[in-house]
Amino acid sequence: AARLRTAPLPVPVPDGPAQPLTYSTLVTVTVSLLYNAGTWPVLGQLLQAAYTGDGAAVAAVAEGLPQPPTPQGYQNYPDANAAITCGDTDNPRDPYRYGEVGRALDATTAPYVGSRWAYLGLVCAEWSGRSTERHTGPWDTWTRNPVLIVGNLYDPATPHRNAVAVDDLLPNSTLLTVDGVGHGSLGTSSCADSLMSQY
C-alpha cells in the first residue's frame, strides 16, 4: 500500500493500455471484498500479487472478481445510507474538513480506510435533515428498554471487540455473540436469528 501511494502498479489490460493499480483502488477493492467471507481467498491472491508487484497476476485475479449484479429499477441504498449516516452522526459543514478528518482516522483508529470512510460522509456536509430520536449519550446509563447487542466473531468491518466494549458500557444490555465469518450476523446462524426475532 505504501509503495502504491508513490508509484501505482501498471496492470495489463487486453486490447488497451495498462491501467494503474493505485493505493485508492487497492483500499476500495480490499474493503469491498472483506464484506463477504467467500471472497477472502481472492482478496489474499490480489494482495499477494500487488505486494510482489506482479501486474499480470493482479490482472488475472481481477478477471476472477465477482461482478456486482446489474441493478434493476431504483436502488435506494445510497439514499437510505446517506439519511441514516447523516442523521445519526455529527459531520463537518465545511467540505474541506473531510480530508483532515480522514488523515486523522488513517493515522489513529482506521489505518488505510479512514480517508475512505471520511470521504463517503462528504454527502453529509450539505445534509439538512436530523434524526429526532438520535441518542448522543451518555453511553453508560440505564436505558428505558433492554438493549440487545449482536456481534460476529470474525467481522472485519465491525469487530467483535467493539460489541464487547458497548456491552460493557451499557448496564441494561446483553451481548449475543455469533460464531460467524464476514460482515453482519443476520442470516449467519438460525440460533442467533431466532434470538434476535424473539428480542
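Trainee: How do you know that aspartate 90 forms a salt bridge with arginine 134?

Mentor: Start with the distance: in this predicted model, the closest N and O atoms of aspartate 90 and arginine 134 are 3.0 Å apart. The cut-off for a side-chain nitrogen of Arg and a carboxyl oxygen of Asp is 4 Å, so the pair counts as a salt bridge. The pair links distant parts of the chain: aspartate 90 sits in the loop between helix 5 and helix 6, arginine 134 in the loop between helix 7 and strand 3, and 44 residues separate them.

Trainee: Why is aspartate 90 called exposed or buried?

Mentor: Its relative accessible area is 66%. Exposed means over 50%, so aspartate 90 is exposed. Arginine 134 has 27%. That value falls between the 20% and 50% limits, so arginine 134 counts as partly exposed.

Trainee: How many salt bridges does this rule give?

Mentor: Two. Besides the pair of aspartate 90 and arginine 134, there is one between the side chains of glutamate 100 and arginine 97, at 3.6 Å from N to O. That value is also within 4 Å, so the pair counts as a salt bridge.

Trainee: Where do glutamate 100 and arginine 97 lie?

Mentor: Both are in helix 6, three residues apart, which is about one turn of the helix. Residues three or four places apart in an α-helix point the same way, because there are 3.6 residues a turn. As for accessibility, glutamate 100 comes to 43% and arginine 97 to 36%. Neither value is under 20% or over 50%, so glutamate 100 and arginine 97 are partly exposed.

Trainee: Next, helix 4. Which residues of helix 4 are buried?

Mentor: Gly55, Val58, Ala59 and Val61, in a helix that runs over residues 55-63.

Trainee: How do you know that the buried residues line one face of helix 4?

Mentor: Look down the helix axis: the buried residues fall within an arc of 165°, so they line one face. On the other side, Ala60 and Glu63 are exposed.

Trainee: What do the buried residues of helix 4 pack against?

Mentor: Strand 1 (9-13), strand 2 (16-21) and helix 3 (40-52). At the start of helix 4 there is a polar detail too: a side-chain oxygen of aspartate 54 comes to within 3.2 Å of the backbone nitrogen of alanine 56. The limit for a polar contact is 3.5 Å, so this N and O pair qualifies.

Trainee: Why does asparagine 172 count as buried?

Mentor: Its relative accessibility is 14%, and buried means under 20%, so the label holds. Asparagine 172 sits in the loop between helix 8 (160-169) and strand 4 (173-181). Leaving out residues up to four places away in sequence, asparagine 172 touches Trp142, Thr143, Asn145, Pro146 and Val147.

Trainee: What makes Tyr35, Trp117 and Leu120 a patch?

Mentor: Residues in a patch need over 30% relative accessible area and no salt bridge, and nonpolar side chains are joined within 5 Å. Take Trp117, in helix 7 (residues 114-120). Tryptophan 117 has 39%, so it clears the 30% limit while still being only partly exposed. Together with Tyr35 and Leu120, Trp117 forms a nonpolar surface patch with about 300 Å² of accessible area.

Trainee: On to the backbone. What is notable about the phi of aspartate 15?

Mentor: Phi is positive, about 60°, although aspartate 15 is not a glycine. Most residues other than glycine have a negative phi. Aspartate 15 is in the loop between strand 1 and strand 2. Its relative accessible area is 86%, over the 50% limit, so it is exposed. Tyrosine 112 also has a positive phi, near 75°, and is found in the loop between helix 6 and helix 7. At 51%, tyrosine 112 is over 50%, so it counts as exposed.

Trainee: Is the peptide bond from glycine 137 to proline 138 cis or trans?

Mentor: Cis, with omega near 0°. Most peptide bonds are trans. Proline 138 is in the loop between helix 7 and strand 3.

Trainee: And the whole chain: how many helices and strands does the secondary structure come to?

Mentor: Nine helices and four strands. Of the 199 residues, 27% are buried.

Key:
Residues are numbered from 1 along each chain as its sequence is written. This is a predicted model: local features need pLDDT of at least 70, side-chain atom pairs count only at pLDDT 80 or more; totals for chains, interfaces and linings use all residues. Side-chain values use heavy atoms; hydrogens and water are left out. Patches are made of residues with over 30% relative accessible area and no salt bridge: like charges are joined within 9 Å, nonpolar side chains (Val, Leu, Ile, Met, Phe, Trp, Tyr) within 5 Å. Accessible areas come from the Shrake-Rupley method with a 1.4 Å probe; for residues, only the protein chains shown count as cover. Helices (H or I, at least four residues) and strands (E, at least two) are DSSP runs, numbered from the N terminus. Buried means under 20% relative accessible area, exposed over 50%, partly exposed in between (1.4 Å probe, protein chains only). The arc is that of the directions from the helix axis to the C-beta atoms. Contact means heavy atoms within 4.5 Å. A polar contact is a pair of N or O atoms within 3.5 Å; within protein, one must be able to donate a hydrogen and the other to accept it, and residues adjacent in sequence count only if both atoms are side-chain atoms.
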